[in-house]
Structures are given as structure tokens and as C-alpha cells.
Amino acid sequence: MATEDQKYNAGETQGQAEEKTGSITDSMKQKAQEPKEKASQTTQTTKDGTTESKNQTGSKISEKNGAVKDKASEVVQSTKGSAQAGKDKSASTIGEKVDQVINAAGGMKEAVKHAFGKGTKDKEDPKEDIAKKDGNN
């Protein structure tokens, strides 16, 4: 049978083998964990970068929207001013044209009266003209 020294040496060898196995197992676990941690860090970095980009893009879009709104407001104000000026000019021009038509019609009326001898300028007695108007109306 085995002697005490052989048993001791066998136990010693077994202990060393278990220690070495544990050490290797721990080392393997650590090496397996490293890629997980690296992947997690990469994912977080990407997520942070995406969030920052999103915020910057949102900010730029907000700035652009503000600029577009400001420009649109300027255009609307300019258009209102132009429309009002055009309206004022049209009203003035129309008023002038109406006055011209009224004056021309009045002139034609007098010309027709004069042509048919109904005008008061050629008559000696303007009372007759007034009496005729009262009788017709």
C-alpha cells in the first residue's frame, strides 16, 4: 500500500491541481467578462452620442423653424403693407375716375339740353323751365 509520504505527496499534488484549475477558471471568467463590459461601454457611448446628436438636431431645427417663422412674418407684413398701399391707390384712382365720369355726364347733359333748346342759358325766362320741371315731376 501507499506510504504516508506518498499519500501526502498525492494530496499536495491534488491541492496544487485544484488551485491551478481555480486560477485558470477565474482567468477564463475574467476574460469572458471583458468583451461584455467593452460591448456595454460601446453601447453606452453610442447611446450618449445619439442622444447628443438628437438634441443638437432638435435645437437646430428649432432655430430654423424660428427663422422661417420670422421670415414668414416679415413677408406677411410686407404683403399687408403693399396690399394697403394698392388699395389706397385704387380707391384714389377709382374716385378720380368716378368724378371724371360724373363731370362728363353732367357736361353731356348740358350739351343735350342746349342742343334741344332746353338749357336755361338761351331762355329769357328761367321761371318757365322751373314750372315745366314741377309739372313733369
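Which helix does Ile102 lie in? That residue lies in helix 1, so let's start there and look around. Keep in mind that this is a predicted model.

## The overall picture

The chain has 2 helices and 0 strands. Helix 1 covers residues 4-115, and it has 112 residues. From its first C-alpha to its last, helix 1 reaches 162 Å, which is close to the 166 Å expected at 1.5 Å a residue.

What comes just after helix 1? There you'll find Gly117, which takes a positive phi of about 75°.

## How much is hidden

Of the chain's 137 residues, 1% count as buried. The accessible surface of the chain adds up to about 12,400 Å². Carbon and sulfur atoms account for 55% of that surface.

## A greasy spot on the outside

Back to Ile102. Together with Ile94 and Val98, Ile102 forms a nonpolar patch on the surface. The three residues share about 280 Å² of accessible area.

Is Ile102 buried or exposed? Its relative accessibility is 53%, and the cut-off for exposed is over 50%, so Ile102 counts as exposed.

## One salt bridge

How many salt bridges does a search of the whole structure find? The search turns up 1 salt bridge. Its partners are Glu74 and Lys71, with their closest N and O atoms 4.0 Å apart. As a bit of background, side chains of opposite charge can pair when their charged atoms come close.

Where do these two partners sit along the chain? Both are in helix 1, and because they are 3 residues apart there, Glu74 and Lys71 are separated by about one helical turn. Lys71 is also out in the open: its relative accessible area is 52%, so this residue counts as exposed.

Notes. Residues are numbered from 1 along each chain as its sequence is written. This is a predicted model: local features need pLDDT of at least 70, side-chain atom pairs count only at pLDDT 80 or more; totals for chains, interfaces and linings use all residues. Side-chain values use heavy atoms; hydrogens and water are left out. Helices (H or I, at least four residues) and strands (E, at least two) are DSSP runs, numbered from the N terminus. Buried means under 20% relative accessible area, exposed over 50%, partly exposed in between (1.4 Å probe, protein chains only). Accessible areas come from the Shrake-Rupley method with a 1.4 Å probe; for residues, only the protein chains shown count as cover. A salt bridge is a side-chain nitrogen of Lys or Arg within 4 Å of a carboxyl oxygen of Asp or Glu. Patches are made of residues with over 30% relative accessible area and no salt bridge: like charges are joined within 9 Å, nonpolar side chains (Val, Leu, Ile, Met, Phe, Trp, Tyr) within 5 Å. The expected span of a helix is 1.5 Å times one less than its number of residues.
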